[in-house]
Amino acid sequence: MQFINHGPGRTWVKTVVKLFWPLIIAGKRYSNVPLLKWLIYPFFMRPLNEVSSIPINIEVKAPDSVVLPRRVVHRLLTAVDEKFIFGECICRRNNNVDSPPQNIGCMALGSAIRRIHPSHGKMVTTAEAIRHVDRAAEAGLIANVAHVWIDPASFGTSFRKLMFICFCDDHNCLYRTYMKSRGPSLEGAYQRLPGMSVSVDKDKCKGCGECLEQCFLANISLVDKKANIGRSCAGCGRCVDRCPNKAVILAIESEEALYFDLVQWIKGVSELPIKSS
Ligand code: SF4
Ligand code: SF4
Ligand code: SF4
């Protein structure tokens with residue numbers, strides 16, 4: 001029988017997250033302060049922090065088809081052998097909220113998952129992983145594809161052979177919240193996949209400002225009473241959902257192109273083996 005030296009269990013990680021939570025929030029808030037910002041910067045930037053978003057709960061009209069970003073995540077899961085689902089969302093549990101459900105946790109991919117302590121969740125089949133993504137989409141969560149130092153540090157795994165797909169909401173996620181108050185040194189902490197673009201149809205925009213409030217990166221401003229998307233967009237799709245006038249357009253050329261971009265992005269940040277399909 002092969003002996004596996006697992007990383008820390010659930011109780012330990014839970015305690016560490018509680019302790020570090022205020023520190024991470026403070027890091028985002030004070031990322032503007034001279035001197036401090038140089039200490040904080042590496043923890044939120046490449047190569048220790050690489051995050052991209054996939055809007056799994058919306059569909060996108062492409063020139064000759066309808067793109068379902070969720071299907072692209074399904075396809076990735078069929079191309080990766082080792083998958084682990086966490087039994088709970090650590091952020092929602094830490095904040096003690098029940099909606100969205102705590103039991104839609106992150107998913108970890110790659111051989112490094114063998115070291116994750118079984119008290120956190122379980123290894124799953126492709127069908128189970130796909131069902132998990134569908135549940136997350138139905139709960140209105142977005143997918144953050146992440147290669148971030150805090151995950152291997154928390155779970156005692158190797159960094160290069162690990163990717164996370166997190167299913168996050170707007171108010172509890174340690175990654176997403178407090179990004180509005182970030183300093184300029186944290187610009188680029190989120191990277192939009194190259195094949196995605198977000199724009200505003202100025203004729204439809206009524207300047208109501210709802211999308212400004214929605215954007216977790218404070219990346220939208222009003223210019224001449226029309227919404228204007230800035231350069232920091234992560235492509236999360238939240239503003240698309242929020243606009244009452246359907247004025248925000250998320251464009252993706254095709255599912256094939258989105259999948260290609262996603263795979264290239266993952267290969268650029270990690271050593272996750274992805275089978276060609
Ligand atoms: S990163 Fe997202 S899915 Fe993961 S624990 Fe935090 S909110 Fe939950
Ligand atoms: S929510 Fe829509 S209508 Fe309102 S400002 Fe944003 S783009 Fe314009
Ligand atoms: S502009 Fe829209 S798609 Fe881009 S990060 Fe903000 S909410 Fe997400």
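Helix 3 passes helix 5 in a right-handed crossing. The model is predicted. The axes of helix 3 (residues 69–78) and helix 5 (residues 126–138) come within 9 Å and cross at roughly 160°. That angle is over 145 degrees, so helix 3 runs roughly antiparallel to helix 5. Helix 3 brings R70, V73, H74, L77 and T78 to the contact. Helix 5 answers with T126, A129, I130, V133 and A137. Sorted by class, the residues of this contact are 6 nonpolar, 3 polar and 1 charged.

Helix 3 has a second partner, helix 9. Here the axes lie 9 Å apart and the packing angle is about 50°. Helix 3 and helix 9 are therefore oblique to each other. Their crossing is right-handed. P69, R71, V72, R75 and L76 are the residues that helix 3 contributes. They meet E255, L258, Y259 and L262 of helix 9. This contact has 6 nonpolar and 3 charged residues, with no polar ones.

Step back to the domains. The domain assignment splits the protein chain in two. Domain 1 takes 10–194 + 253–269, and domain 2 takes 196–252. Between their centres, taken over C-alpha atoms, lie 23 Å. Where the two meet, 19 residues of domain 1 are in contact with 15 residues of domain 2. Which elements supply at least two residues each to the side of domain 1 that touches domain 2? Strand 2 (60–62) and helix 9 (255–269) do. Helix 9 thus appears in two settings: it packs with helix 3, and it supplies residues to the side of domain 1 that touches domain 2. By class, that side has 11 nonpolar, 2 polar and 6 charged residues.

Now the ligands. Around ligand 1 there are 13 residues. Those that come nearest are C89, C91, C166, C168 and C173. Helix 4 (90–94) and strand 8 (163–168) each give at least two residues to this shell. Its classes are 10 nonpolar, 2 polar and 1 charged.

Ligand 2 is surrounded by 14 residues. C205, C208, C211, A227 and C243 are the closest. The shell around ligand 2 divides into 8 nonpolar, 3 polar and 3 charged residues.

Ligand 3 also has 14 residues around it. Which of them are the closest? They are C215, C233, C236, R238 and C239. The shell around ligand 3 has 9 nonpolar, 4 polar and 1 charged residues.

Last, the backbone of one loop. It joins helix 4 to strand 5 (107–109), and P100 has its place there. The peptide bond from S99 to P100 is cis. Its omega is near -5°. N96 lies in the loop between helix 4 and strand 5 as well. Phi of N96 is near 60°. That value is positive, in a residue other than glycine. Why note these two features? Most residues other than glycine have a negative phi, and most peptide bonds are trans. The loop that holds N96 follows from helix 4, an element that supplies at least two residues of the shell around ligand 1.

Key:
Residues are numbered from 1 along each chain as its sequence is written. Chains are lettered from A and ligands numbered from 1 in the order in which they are written. This is a predicted model: local features need pLDDT of at least 70, side-chain atom pairs count only at pLDDT 80 or more; totals for chains, interfaces and linings use all residues. Domain bounds come from an automatic or database domain assignment. Two residues are in contact if their C-beta atoms, placed from the backbone, lie within 7 Å. Helices (H or I, at least four residues) and strands (E, at least two) are DSSP runs, numbered from the N terminus. Ala, Val, Leu, Ile, Met, Phe, Trp, Tyr, Cys and Pro count as nonpolar, Asp, Glu, Lys and Arg as charged, and the others, Gly among them, as polar. A residue is near a molecule or strand if its C-beta atom, placed from the backbone, lies within 6 Å of it. Axes are lines fitted to C-alpha atoms, for helices over the stretch in contact, and angles run from 0 to 180 degrees between N-to-C directions. Angles under 35 degrees count as roughly parallel, over 145 as roughly antiparallel, 65 to 115 as roughly perpendicular and the rest as oblique. A crossing is left-handed if the near helix is turned anticlockwise from the far one by less than a right angle, and right-handed if clockwise.
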